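Biologist: Hi! I'm new to this, so could we look at a model together?
Modeller: Sure, let's open it.

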Amino acid sequence: MFYEQNICKICKSNKNETIYKLPFKDDKLKTFFKKFYGEKNLDEIYSLTKNHDFEILNCTKCQFKWQKFIPEKLILNKLYNDWISFDDSLKKKNNLNEEYFFTSLLNLLDTNSVNTLDYGAGVGSFCNFAKKKGFNSYAFEFSSKKIKFLESKKIKIINDSEIKDTKIKFDLIYINQVLEHLEKFDEFFENLNMLSKKFTVIYISVPNTKKLKDPVKKGPYQPLEHLNSFNNSNLKELFSMNNFQTISIYRIFKTVLKKKNFPSFLIKRIFNQIYTTSILFEKN
Ligand SMILES: [Zn+2]
């Protein structure tokens, strides 16, 4: 049902410490699962998790934090296709800030750069926006329910099995709240390297590691769902190990000079690049 991850997924160090541990069958976790996945799934969650612990390890070398017991495919499929309510995902509507940000991101591209990919698209807020703006907009998604939904919105889908054969190299890949869910990073970076070319812009956003008080809630350590918890420096390290560097500030500055982006975008971006886990990278 679960397998153990005992070495750091980023720096591969085996020096780590347990910073939280609670059996999945504990009442506190039962209450959490009931609240977010509903009473109807509770018995199934209990029977699949009861022999394991919700345990968080901290790498003493790079401070990356992860869930030691990683759910196997059976649990992950149920989690993303059945337990998480699709209707709740749909309720998260686009807001104005998001549209301003999407516009600024797309403004980073040259006029002949038109291929965009929403990686782990969910209900597709970015790919829908890019499509409306006339970009050649694609989505990659894990959940079959969400793929059906995206197809109903006429969004072009790249399936897992098609990535190796696809001829398209994307100019911008948007990856919002995806990396914290992944069991392993190898396949993710293989995909990313196949789908990108030199100077492809990668936007990545994950929850920022916070001081651990109570991890049994929605947040960077969320049980079952958030298997990885990053800070600014280990996220950059992971990307640099895999052929991506932080975007040159000059590239952003140029779009401000050309009056495509507001100066506030540049200032916010510099802050985010240095302090947060919402970072723009470009392919080496
Ligand atoms: Zn590490």
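**Strands, domains and a few odd residues**

Biologist: Which residue in S13 is the bridge partner of phenylalanine 244?
Modeller: That partner is lysine 283. A quick note on labels: helices (H or I, at least four residues) and strands (E, at least two) are DSSP runs, counted from the N terminus. Residues are numbered from 1 along each chain as its sequence is written. This is a predicted model, where local features need pLDDT of at least 70 and side-chain atom pairs count only at pLDDT 80 or more, while totals for chains, interfaces and linings use all residues.

Biologist: How many bridges are there between S12 and S13?
Modeller: There are 3, and strand S12 (residues 244–246) runs antiparallel to S13. Two strands pair when DSSP finds at least two bridges between them.

Biologist: What else pairs with S13 in the antiparallel sense?
Modeller: Strand S10 (residues 196–205) does, with 5 bridges to strand S13 (residues 278–283). Tyrosine 203 faces leucine 280 of S13 there.

Biologist: What order do the strands take in that sheet?
Modeller: The sheet is open, has 7 strands and reads S8-S7-S6-S9-S10-S13-S12, with mixed pairing. Strand S8 (156–157) and S12 are at the edges with a single partner strand each, so one side of each has no neighbour in the sheet. At the S8 end, strand S7 (residues 136–140) is parallel to S8, and 2 bridges join them. Alanine 139 is opposite isoleucine 157 in S8. A helix joins in too: H11 packs on the sheet and touches S12 and S13, where touching residues have C-beta atoms, placed from the backbone, within 7 Å. The direction of H11 makes about 90° with that of S13; axes are lines fitted to C-alpha atoms, for helices over the stretch in contact, and angles between N-to-C directions run from 0 to 180 degrees.

Biologist: What about the sheet with the order S2-S3-S4-S11?
Modeller: That one is an open sheet of 4 strands with antiparallel pairing. Its edges are strand S2 (16–23) and strand S11 (228–229), each with a single partner strand, so one side of each is left without a neighbour in the sheet. S2 and strand S3 (residues 53–59) are antiparallel and share 7 bridges. Glutamate 17, for example, has asparagine 58 in S3 as its bridge partner.

Biologist: Let's zoom out. Which domains does the chain have?
Modeller: Domain 1 covers 2–89 and domain 2 covers 96–283; such bounds come from an automatic or database domain assignment. Their centres, taken over C-alpha atoms, are 24 Å apart. Domain 1 gives 22 residues to the contact and domain 2 gives 25. Elements giving two or more residues on the domain 1 side include S2, helix H1 (27–37) and helix H3 (73–83).

Biologist: What classes of residue are on that side of domain 1?
Modeller: It has 15 nonpolar, 4 polar and 3 charged residues. Here Ala, Val, Leu, Ile, Met, Phe, Trp, Tyr, Cys and Pro count as nonpolar, Asp, Glu, Lys and Arg as charged, and the others, Gly among them, as polar.

Biologist: And how many helices and strands does the whole chain have?
Modeller: The chain comes to 11 helices and 13 strands. Its C-alpha atoms fill a box of roughly 55 × 45 × 35 Å along the principal axes. Buried residues are 33% of the 284 residues; buried needs 20 or more other C-beta atoms (placed from the backbone) within 10 Å of a residue's own, exposed means 12 or fewer, and partly exposed is in between.

Biologist: You hinted at odd residues. What is the phi of phenylalanine 199?
Modeller: Phi is near 75° for phenylalanine 199, a positive value in a residue that is not glycine. Most residues other than glycine have a negative phi. Phenylalanine 199 sits in strand S10 and counts as partly exposed because it has 15 C-beta neighbours inside 10 Å.

Biologist: Where is lysine 259 found?
Modeller: Lysine 259 is in the loop between helix H10 (249–257) and helix H11 (263–275). Its phi is positive as well, about 60°, although lysine 259 is not a glycine.

Biologist: Is lysine 259 buried or exposed?
Modeller: Lysine 259 is exposed, with 8 other C-beta atoms within 10 Å.

How values were computed
Contact = placed C-beta atoms within 7 Å.
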